[in-house]
Amino acid sequence: MAAPQKGDLSAAERKLLQVIAAGDAQEVAQLLAINEVRINCLDENGMTPLMHAAYKGKADMCRLLLQHGADVNCNQHEYGYTALMFAGLSGKTEITSLMLDAGAEIDQVNSVGRTAAQMAAFVGQHDCVTLINNFFSRARLEYYTRPQGTDAEPLLPPRLAGPLHKIIMTTNLNPVKIVLLVKEEPALVDPCALLKCSRVMELLCEQCVHQQDMNEVLAMKMHYLSCVLQKCLSCLQNREDRLDSLLRSLLKGRDSDGFPQYQEKFIRDCIRKFPYCESNLLQELVRSIAPVQIGNDPTAFAVLSQALTGQMAFVEGDYCVTCGEKGADKRCSLCKAVVYCSLVCQKLHWFTHKKMCGSMQDPETKAQDTPRLKELKDDESDLVFETANFLQELCMRAEETVAAAGGCPLEMLSRPSTSAQGHPGPRTDP
Ligand SMILES: [Zn+2]
Ligand SMILES: [Zn+2]
């Protein structure tokens with residue numbers, strides 16, 4: 001059969017487009033059963049039925065069309081739009097996921113060079129942007145569930161592929177959330193399994209750096225997740241409490257203001273350990289984080305989260321103070337100052353929150369800008385010192401790498417900026 005021509009529609013195909021716009025999935029199914037209906041027919045603008053369904057935000061119809069073999073990567077549209085682009089524009093995360101699962105190419109661009117993620121961002125559909133930016137196909141992970149070369153064993157036991165893929169796809173990068181995800185998968189609560197998973201993640205990180213279109217965002221995400229898995233691994237090896245002590249460490253607030261400094265240091269440390277110091281993304285992260293004193297904004301989590309998911313954490317919506325999940329609506333009934341996504345998260349947080357809860361109820365304390373900003377205490381001076389060394393260490397590493405490669409020093413890292421430029425967060429400088 002010849003390739004569909006734009007605007008060359010049979011009566012049944014025209015009816016199909018009308019039904020997609022205004023009818024129900026049942027009618028679409030009946031029309032698809034008719035022989036003369038081509039699943040990838042094109043209207044005058046080069047839009048397929050799938051594009052129409054995505055644009056109209058009809059998830060059930062998209063599913064049906066995909067089941068009938070709709071081409072998810074058709075790009076005959078007059079401005080080069082794909083079904084994924086229409087999905088992103090519709091703002092429907094379910095449809096965006098359907099397209100991604102069906103193999104939609106995320107790098108395809110429209111006639112003015114914009115990707116689906118960029119188009120969705122342009123119209124403010126940030127949840128779709130996050131989904132697209134964090135997409136990683138299950139097939140790519142399953143490659144590691146087959147023995148490669150002369151290996152007798154695969155790097156990743158097949159039973160771990162599902163649980164690990166779930167972690168890779170998370171758009172909430174809060175370390176507490178990731179540890180909770182590990183904890184709820186019995187197959188992962190095992191040092192041997194975690195070791196294998198973290199190794200595969202490091203390999204994926206390397207692959208993302210060395211592939212033709214380097215994907216630094218995904219590389220950093222893989223590296224970060226690998227760090228969290230390694231942390232879980234060492235906790236399991238040293239403690240008998242199935243990761244509870246790790247959760248407590250990540251949540252424990254410091255005495256002065258309740259700021260979770262272990263978590264902050266952990267995330268900074270993960271970033272610092274990123275093995276490719278010539279990466280632009282790493283340099284950006286360091287520039288944003290290094291000048292910030294521990295306890296001030298932006299936190300390492302906010303910076304990392306924004307870089308990897310495109311979401312401005314804590315700007316809109318209510319986030320669970322324990323696990324960072326969006327849409328938390330269970331307020332601490334005593335202080336009303338913190339919200340949780342669940343009772344489990346509230347219980348997890350209570351051991352440390354109870355020290356702050358009382359002062360958060362005090363109207364005088366509440367009148368202060370943010371409870372986090374306090375005078376620097378003597379016992380924190382080592383943390384500040386460490387932060388100052390953070391950038392310097394990276395500079396040295398980068399220079400070594402560049403010197404080894406015989407190149408010239410990187411401009412950014414040869415001029416370490418300690419100014420707080422570009423950091424709108426309040427500071428405690430005198
Ligand atoms: Zn939570
Ligand atoms: Zn409270």
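**Close-up 1. R242 in the loop between α13 and α14 of this predicted model.** Let us start in the loop that runs between helix α13 and helix α14 (244-251), where R242 lies. The backbone deserves a look here: R242 has a positive phi of about 50°, although it is not a glycine. As for its surroundings, R242 counts as partly exposed because it has 14 C-beta neighbours inside 10 Å.

**Close-up 2. K336 in the loop between β1 and β2.** Here is another residue other than glycine with a positive phi, K336, whose value is near 60°. The loop that holds K336 lies between β1 (330-331) and β2 (339-340). K336 is exposed, since 12 other C-beta atoms lie within 10 Å, and the cut-off for an exposed residue is 12 or fewer.

**Close-up 3. The cis peptide bond between D297 and P298.** Zoom in on the peptide bond that joins D297 and P298 and you will find it in the cis form, with omega about -5°. P298 belongs to the loop between α16 (280-289) and α17 (300-309).

**Close-up 4. The largest nonpolar core and the surroundings of C232.** This core has 66 residues, and those with the most contacts inside it are V179, C197, C232 and L304. Helix α13 (residues 216-238) supplies the largest share of this core, twelve residues. Take C232 as your centre: once its neighbours within four places in sequence are left aside, C232 is in contact with V179, V182, L194, L243 and L246. There is also a second, separate core, made up of 40 residues, with L16, V37, L42 and M47 among them.

**Close-up 5. The two spans annotated as ANK repeats.** According to an unreviewed UniProt entry, the annotation "repeat: ANK" covers residues 45-77 and 79-111. In the model, residues 45-77 are 48% helix and 0% strand, and the end C-alpha atoms of this span lie 6 Å apart. For residues 79-111, the end C-alpha atoms lie 5 Å apart, and the span is 52% helix and 0% strand.

**Close-up 6. Q118 in helix α7, viewed together with L89.** Q118 has its place in helix α7, which spans residues 116-122. Q118 counts as partly exposed because 16 C-beta neighbours lie inside 10 Å. Now bring L89 into the picture: Q118 and L89 are 29 residues apart along the chain, and their C-alpha atoms are separated by 10.0 Å.

Technical notes
Residues numbered from 1 in each chain as written. Chains lettered and ligands numbered in written order. Predicted model: local features only at pLDDT ≥ 70, side-chain atom pairs only at ≥ 80, totals over all residues. UniProt positions renumbered as here; feature names shortened; annotations may be inferred. Helix = DSSP H or I, 4+ residues; strand = E, 2+ residues; numbered from the N terminus. Core = buried A, V, L, I, M, F, W, Y, C linked by C-beta atoms within 7 Å. Buried ≥ 20, exposed ≤ 12 C-beta atoms within 10 Å, placed from the backbone. Contact = placed C-beta atoms within 7 Å.
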